[in-house]
Amino acid sequence: MDNMYQVIKMYGDWEPWWFIEGWQNDIVDEKEFDQWDEALAFYKQEWQHMKDDFPSYHSQKNLLATFWRTTDKRWCEDCGDDLQQFHSILLLKDRDIIPSDQYVIAFEQRNDTPAAPYMCK
């Protein structure tokens with residue numbers, strides 16, 4: 001079976017690197033690619049658009065990134081708190097984190113740190 005790459009956009013309560021159970025429910029868009037170069041080019045383009053659109057971001061060299069506005073929150077009845085909402089983009093290989101030889105150091109950057117995630121009981 002050939003390798004497939006996925007560029008996934010998510011919107012929800014958690015940054016993408018947590019891979020919280022049910023994380024797939026937060027997927028809002030997904031594109032599949034046969035070629036690494038095509039997937040990376042699309043990821044770079046979408047990443048730049050998100051960086052331009054959102055004031056806060058945290059991006060990692062393993063091509064998992066999240067973007068947010070501090071005013072974008074939702075009330076959680078179970079937690080009794082407002083939860084930060086994140087717009088995230090991921091580049092995965094066969095639905096898993098890419099191998100370390102494909103990391104892109106240029107994406108290891110951030111301009112903000114979100115409040116610590118709150119675990120509902």
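The exercises below work through turns, cores, strand pairing and cysteines in a predicted model.

**Exercise 1. Determine which way the residues of strand 4 point and whether they are buried or exposed.**

Solution.
Step 1. Strand 4 spans residues 64-68. Five of its five residues are buried, and the strand is mostly covered.
Step 2. Leu-64, Thr-66 and Trp-68 point one way, while Ala-65 and Phe-67 point the other way.
Step 3. The residues on both sides of strand 4 are buried.

**Exercise 2. Find the pairing of strand 4 with strand 3 and with strand 7.**

Solution.
Step 1. Strand 3 (56-59) precedes the loop that leads to strand 4. The two strands run antiparallel and are joined by four bridges.
Step 2. One bridge pair consists of Ser-56 and Trp-68, the latter in strand 4.
Step 3. Strand 7 (86-93) also pairs with strand 4 in the antiparallel sense, over four bridges.
Step 4. Here Phe-67 has His-87 of strand 7 as its bridge partner.

**Exercise 3. Describe the backbone and the surroundings of Leu-63 in the turn between strand 3 and strand 4.**

Solution.
Step 1. Strand 3 and strand 4 form a hairpin with four residues between them, and Leu-63 lies in the turn.
Step 2. The phi of Leu-63 is positive, about 65°, although the residue is not a glycine. Most residues other than glycine have a negative phi.
Step 3. The relative accessible area of Leu-63 is 0%; the cut-off for buried is under 20%, so Leu-63 is buried.
Step 4. Beyond its neighbours within four places in sequence, Leu-63 has contacts that include Trp-36, Leu-40, Tyr-43, Ile-89, Leu-91, Ile-98 and Phe-107.

**Exercise 4. Compare Leu-63 with Phe-19 in phi, location and accessibility.**

Solution.
Step 1. Phe-19 also has a positive phi, near 45°, and is not a glycine.
Step 2. Phe-19 sits in the loop between strand 1 (5-12) and strand 2 (27-33), whereas Leu-63 sits in the loop between strand 3 and strand 4.
Step 3. Phe-19 has 28% relative accessibility and therefore counts as partly exposed, while Leu-63 is buried.

**Exercise 5. Identify the largest nonpolar core and the elements that build it.**

Solution.
Step 1. The largest nonpolar core holds 20 residues. Val-7, Tyr-43, Trp-47, Leu-63, Phe-67, Ile-89 and Leu-91 have the most contacts inside it.
Step 2. Strand 1, helix 1 (36-53), strand 4 and strand 7 each give two or more residues to this core.
Step 3. Helix 1 provides the largest share, seven residues.
Step 4. A second, separate core has six residues, among them Ile-8, Trp-23, Leu-64 and Leu-92.

**Exercise 6. Characterise the environment of Gln-85 in the loop between strand 6 and strand 7.**

Solution.
Step 1. The loop that holds Gln-85 follows strand 6 (81-84).
Step 2. Gln-85 counts as buried because its relative accessibility is 5%.
Step 3. The side chain of Gln-85 reaches the backbone oxygen of Leu-83 at 3.3 Å.
Step 4. Not counting residues up to four places away in sequence, Gln-85 touches Tyr-11, Gly-12, Asp-13, Trp-68, Asp-72, Lys-73 and Arg-74.

**Exercise 7. Decide whether Cys-76 is in a disulfide or in none.**

Solution.
Step 1. The nearest cysteine sulfur to that of Cys-76 belongs to Cys-79, 3.0 Å away.
Step 2. A disulfide requires sulfur atoms within 2.5 Å, so Cys-76 is in no disulfide.
Step 3. The whole structure contains zero disulfides.
Step 4. Cys-76 counts as buried, since its relative accessibility is 6%.

Definitions and conventions
Residues are numbered from 1 along each chain as its sequence is written. This is a predicted model: local features need pLDDT of at least 70, side-chain atom pairs count only at pLDDT 80 or more; totals for chains, interfaces and linings use all residues. Side-chain values use heavy atoms; hydrogens and water are left out. Buried means under 20% relative accessible area, exposed over 50%, partly exposed in between (1.4 Å probe, protein chains only). A nonpolar core is a set of buried Ala, Val, Leu, Ile, Met, Phe, Trp, Tyr and Cys residues joined through side-chain atoms within 4.5 Å. Contact means heavy atoms within 4.5 Å. A polar contact is a pair of N or O atoms within 3.5 Å; within protein, one must be able to donate a hydrogen and the other to accept it, and residues adjacent in sequence count only if both atoms are side-chain atoms. Two strands pair if DSSP finds at least two bridges between them.
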